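Welcome, and thank you for taking a look at this protein chain. Please have the sequence and the model open side by side, and we will walk through a few places together.

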Amino acid sequence: MAGGLTMGGLAVTSMTDPDRIWTEAAGRLRAEIGEGPFSSYIAPSAVRADGAGQLILVTPTAYARDWVRKNALRRMNELWLGLDGLSRRLEVRCRAEVGSPAPATAVVQGVVDTVVAAAAIPAATVAPVADGARAVRAAGLQERLTFDSFVEGQGNAFALAIAKQVASWADGHFNPVFFCGPYGYGKTHLLNAIAWEAQRLKPEAKVVYLTAERFLSTFVRAMQDRSTAAFKESLRSADMLLLDDVQFVGGKASTQEELLSTLTALIEDGKRIVLSADRPPTALSEVEPRLRSHLSAGLTCPVEPADRALKIAVAQNRLAAFARMGVVQGEAPREVLEQLVDRTPGSVRELEGAVNTLAAAAGMRLASLGVDEAAGLLGAALRGGPERRITVDEIQKTVAEHFNMKQADLLSERRTRAIARPRQIAMYLCKQHTTRSYPDIGRRFGGRDHTTVLHGVRKIEELLPADDQIARDVEALTRKLRG
């Protein structure tokens with residue numbers, strides 16, 4: 001081992017073992033970029049050494065490779081170089097570029113929580129899940145996302161009850177079950193938990209879990225390789241199909257047609273279907289009407305944003321898991337948890353990222369932390385930090401609370417003045433405080449057209465100098481968003 005150095009205020013020791021370096025670097029990157037991007041693009045990847053000793057991050061798809069290059073590779077190399085005593089750098093390539101997997105001794109698996117056998121899956125097929133937990137894990141599920149680790153609260157109790165019913169293979173089930181809600185509030189957790197429990201209760205069943213992105217990339221590859229028959233069979237032979245983030249199939253005609261055919265075949269055969277999206281099926285305006293109708297045919301189950309009590313429970317649960325692993329010792333003081341929750345107003349995913357950072361920074365000193373010391377350790381991870389990014393979901397939640405309404409009202413079709421004006425203010429704030437385009441903001445507000453967003457933004461701009469109440473509301477909301 002080489003000597004120690006300082007990185008982001010933490011003492012770090014140089015290493016030469018790629019496995020240990022990747023474990024450390026990936027854990028830190030996860031805390032920085034958030035659970036969603038990490039689980040989608042980093043966790044399913046693997047680090048391997050080529051014949052010349054060059055370390056390569058191998059992603060399952062070219063899309064994931066391009067995302068990593070654009071959004072994460074520079075920071076990943078900064079973390080890697082800060083830990084690696086041999087000063088090596090990472091390159092990134094997709095599986096198709098590197099060919100068959102290297103010998104096991106030359107491969108460092110994607111670590112932290114997820115092990116995905118993507119490099120071993122034929123390009124034209126989806127991994128079958130028919131022989132228990134090992135096969136389920138190979139399908140891309142996260143081992144920690146089970147019913148045992150899901151924290152129940154007022155906003156998700158109904159969704160949790162439905163998820164457990166689906167996982168139990170109970171008769172009289174709704175089909176399909178469609179979980180919907182904002183990013184980062186537990187939809188992926190529920191789908192993972194259903195898959196794990198369903199496979200445990202019925203080991204002989206074929207349970208297939210896919211993200212929409214993986215469904216898309218695998219289907220495109222199947223068409224290119226002229227092996228769509230194998231792709232269709234891999235899905236239509238499933239006893240339970242779980243498809244996450246289905247909104248991403250919108251706008252892609254051939255993929256939507258294939259998904260519609262798959263859902264129709266499975267439903268006719270009495271197989272179980274579970275889906276998730278950031279909006280209800282009726283709000284997926286970019287999805288073809290026939291498919292939208294099929295998505296709406298079963299049970300639409302909302303997953304509401306977490307309240308303060310639930311977020312505190314989530315933070316406690318996550319720290320307890322770290323304590324069992326020996327990462328931290330003791331429990332965090334209540335006031336530290338309350339500060340963490342109050343200053344991390346976004347999704348539960350963002351909260352977990354802040355908890356991860358706190359655990360890594362505090363370690364054995366967790367129980368003795370004071371509020372000020374915890375704030376210092378967390379730095380920009382807390383709300384108000386210099387690098388904090390305001391999200392559309394955060395704006396919607398803040399506006400809804402300010403006007404004493406539900407966040408779902410802002411996404412609804414209702415046009416009464418009591419809802420339409422706050423909706424326009426929220427759209428205006430989204431344009432002011434995020435980099436989202438008008439069409440993207442429209443999609444986040446129940447699938448509205450970009451012209452509706454443009455009209456709302458211009459209306460608030462017009463009213464600001466003439467309406468004192470609106471000016472006060474916008475000023476108050478801006479202060480809340482900026483902390």
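Asp-245 is buried, because its relative accessible area is 19% and buried means under 20%, with exposed over 50% and partly exposed in between (1.4 Å probe, protein chains only). You will find Asp-245 in the loop between strand E9 (240–244) and H11; helices (H or I, at least four residues) and strands (E, at least two) are DSSP runs numbered from the N terminus. Although Asp-245 is not a glycine, it has a positive phi of about 60°.

Before going on, a word on the model: it is predicted, with local features needing pLDDT of at least 70 and side-chain atom pairs counting only at pLDDT 80 or more, while totals for chains, interfaces and linings use all residues. Residues are numbered from 1 along each chain as its sequence is written, and side-chain values use heavy atoms, leaving out hydrogens and water.

**The chain as a whole**

The secondary structure comes to 22 helices and 11 strands. Of the 483 residues in the chain, 52% are buried. Counting contacts (heavy atoms within 4.5 Å) with a separation of 6 or more, 74% are between residues 24 or more positions apart.

**More loop residues**

Asn-404 also has a positive phi, near 55°, and is a residue other than glycine. Its place is in the loop between H17 and helix H18 (407–411). Is Asn-404 buried or exposed? Asn-404 counts as exposed because its relative accessibility is 73%.

Pro-176 lies in the loop between H7 and strand E7 (177–180). The peptide bond that leads from Asn-175 to Pro-176 is cis, with omega near 0°.

**Residues in helices and strands**

Here are three residues, each with its element and its relative accessibility.

| Residue | Element | Relative accessibility |
|---|---|---|
| Thr-478 | helix H22 (residues 468–482) | 14%, buried |
| Ala-46 | strand E3 (residues 46–49) | 16%, buried |
| Glu-257 | helix H11 (residues 253–268) | 38%, partly exposed |

What does the side chain of Thr-478 reach? It reaches the backbone oxygen of Val-474 at 2.7 Å. Leaving aside neighbours within four places in sequence, Thr-478 is in contact with Leu-429 and His-433.

For Ala-46, look across to Leu-57: the two residues are 11 apart along the chain, and their C-alpha atoms are separated by 5.6 Å. Glu-257 can be viewed together with Glu-288, 31 residues apart along the chain, where the C-alpha atoms are separated by 8.7 Å.

**The nonpolar cores**

In soluble globular proteins, nonpolar side chains tend to be buried together. A nonpolar core is a set of buried Ala, Val, Leu, Ile, Met, Phe, Trp, Tyr and Cys residues joined through side-chain atoms within 4.5 Å. Which residues touch the most other members of the largest nonpolar core? Among its 54 residues, they are Phe-179, Ile-194 and Leu-242. Not counting residues up to four places away in sequence, Ile-194 touches Phe-147, Ala-163, Val-166, Ala-167, Phe-179, Met-240, Leu-242 and Val-274. There is also a second, separate core of 26 residues, and its members include Phe-231, Leu-243, Leu-266 and Leu-284.

**Empty space inside**

On a 1 Å grid over the protein atoms alone, a cavity is a set of points where a 1.4 Å probe fits but cannot get out, whereas a pocket is an open set with protein on both sides within 12 Å along at least five of seven lines; lining residues have an atom within 4 Å of a point. Grid points are joined across faces, edges and corners, and a volume is the space filled by probe spheres set on the points.

The structure holds one cavity of 30 Å³ or more, and the volume of the largest cavity is about 40 Å³. Its lining is made by Ile-162, Gln-165, Val-166, His-173, Phe-174, Val-177 and Leu-299. Helix H7 (residues 157–167) supplies the largest share of this lining, three residues.

The second largest pocket has about 420 Å³ of space. Of the 13 residues that line this pocket, Glu-304, Pro-305, Asp-307, Lys-406 and Gln-407 lie nearest its centre. Helix H17 (residues 392–402) gives the most to the pocket lining, with three residues.

How values were computed
Polar contact = N/O pair within 3.5 Å; in protein donor to acceptor, adjacent residues only side chain to side chain.
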